[in-house]
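Hi,

Here's the structure I promised to pass on. Have a look at it first, and my notes follow below.

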There are 2 protein chains.
Amino acid sequence: MTSGPLNHCNACGAKVDFHVPAGDTHARAVCPSCGHIQYQNPKIVVGSVPVWEERILLCRRAIEPRLGKWTLPAGFMELAETAPEGAAREALEEANARIDIEQLYTLFSVPHISQVYVIFRARLLDLDFSPGAESLDVKLVREDEIPWEDLAFASVRRTLVHFFEDRRSGVYLPRFGEIRPPER
Amino acid sequence: MTSGPLNHCNACGAKVDFHVPAGDTHARAVCPSCGHIQYQNPKIVVGSVPVWEERILLCRRAIEPRLGKWTLPAGFMELAETAPEGAAREALEEANARIDIEQLYTLFSVPHISQVYVIFRARLLDLDFSPGAESLDVKLVREDEIPWEDLAFASVRRTLVHFFEDRRSGVYLPRFGEIRPPER
């Protein structure tokens, strides 16, 4: 499902079968040759809302999907890092931006593509940012400058809606939710 | 790193090489035969704190790791489900317990094993629970009955510490953190 083709065993290269192993509840890729079971699991996308005074940092995507659309700095979490480290790495890679992670803010499940977005509220540490390799443009925007019709992902739009609501109320409430088609 | 052996290409079965692809920042398993790149990413463990009046539901593990130790119902998130659905599924599988998910509560990164724990606060819906196949025992415990020395995982212990602190203050605050060796 988003994990790419799974035809051959990672351990020995033989063709795998899909069936529910004894004691399991889900069909898995099982190797009839060496017995290795390869599990497939959802992927985590880590990101942030980098805040500088009244403004937040947005990136314009230089890559598919949603090339040309605006997003918060976010990307697939890597092995051996923490979620906040991943969010800070993505801000650096996509916007050459240094941030301090302040709060676990939104968690959105996107089950049709087996992804979970984890987005932190963060403080932008300086104004020395610029587009990274995956961004066409990076800028600080006020609420009335958000390109609502040109945001890349529902997780980004919903996080920004919550953020500005919460800023008005003065209390930032972590939230979770799910995104189903036709949202994306 | 926790993803099991990665010697052969999932797509075609040829032996893979590890190197940093053009435009990437991390070494990946790249197939020299068909060009497929197989990414490895952290896994999500979803769980809950199921609450019934003054008590919470704990499970005694029937499987390794930490066989015989006590835990909150939790397990690996599956493809095509949401995080709350996964947490509810685990409560059903491990404790035959029906829950309503109420709040995103704790998120712990465990980078040395590339896992992220996502634990929700939940309401236990009835008292008709019992040990599932992966549990030796399931019980409702008050704070003074928590087996603090026999909890399975640091993520569980820290979540319970926060939970009882927050219950005293009357405000449940979502938290994030990281777990490093020798904690586990």
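Bear in mind that this is a predicted model.

I'll start with helix α2 of chain A. One side of it is open: A:Val161, A:Glu165, A:Arg168 and A:Ser169 are exposed there. On the other side from these, the buried residues are A:Ser155, A:Val156, A:Thr159, A:Leu160 and A:Phe163. Looking down the axis of α2(A), you'll find those buried residues within an arc of 125 degrees, so they line one face of the helix. What do they pack against? Their partners are four strands of chain A: β4 (43–52), β6 (70–71), β8 (99–110) and β9 (115–124).

The helix length checks out too: α2(A) has 16 residues (154–169), which at 1.5 Å a residue should span 22 Å, and the end C-alpha atoms are 23 Å apart, which agrees. Right after α2(A) comes A:Gly170, with a positive phi near 85 degrees.

Now for the two chains together. A turn of 180 degrees and a shift of 0.0 Å along the axis lay chain A on chain B with an RMSD of 0.0 Å. The two copies are thus related as by a two-fold rotation axis. In chain A, the residue closest to that axis is A:Gly13, its C-alpha being 2.1 Å away. The copies meet through the same surface, because 100% of chain A's interface residues are interface residues in chain B as well.

Lastly, chain B has an open, antiparallel sheet of three strands, ordered β1-β2-β3. Its edges are β1 (17–19) and β3 (37–38); each has a single partner strand, so one side of each lacks a neighbour in the sheet. Two bridges join β2 (28–30) to β3(B), and B:Val30 sits opposite B:Ile37.

Cheers

Definitions and conventions
Residues are numbered from 1 along each chain as its sequence is written. Chains are lettered from A and ligands numbered from 1 in the order in which they are written. This is a predicted model: local features need pLDDT of at least 70, side-chain atom pairs count only at pLDDT 80 or more; totals for chains, interfaces and linings use all residues. Two strands pair if DSSP finds at least two bridges between them. Copies are superposed by least squares on the C-alpha atoms of residues with pLDDT of at least 70 in both. Two residues are in contact if their C-beta atoms, placed from the backbone, lie within 7 Å. The expected span of a helix is 1.5 Å times one less than its number of residues. A residue is buried if 20 or more other C-beta atoms lie within 10 Å of its own, exposed if 12 or fewer, and partly exposed in between; C-beta atoms are placed from the backbone. The arc is that of the directions from the helix axis to the C-beta atoms.
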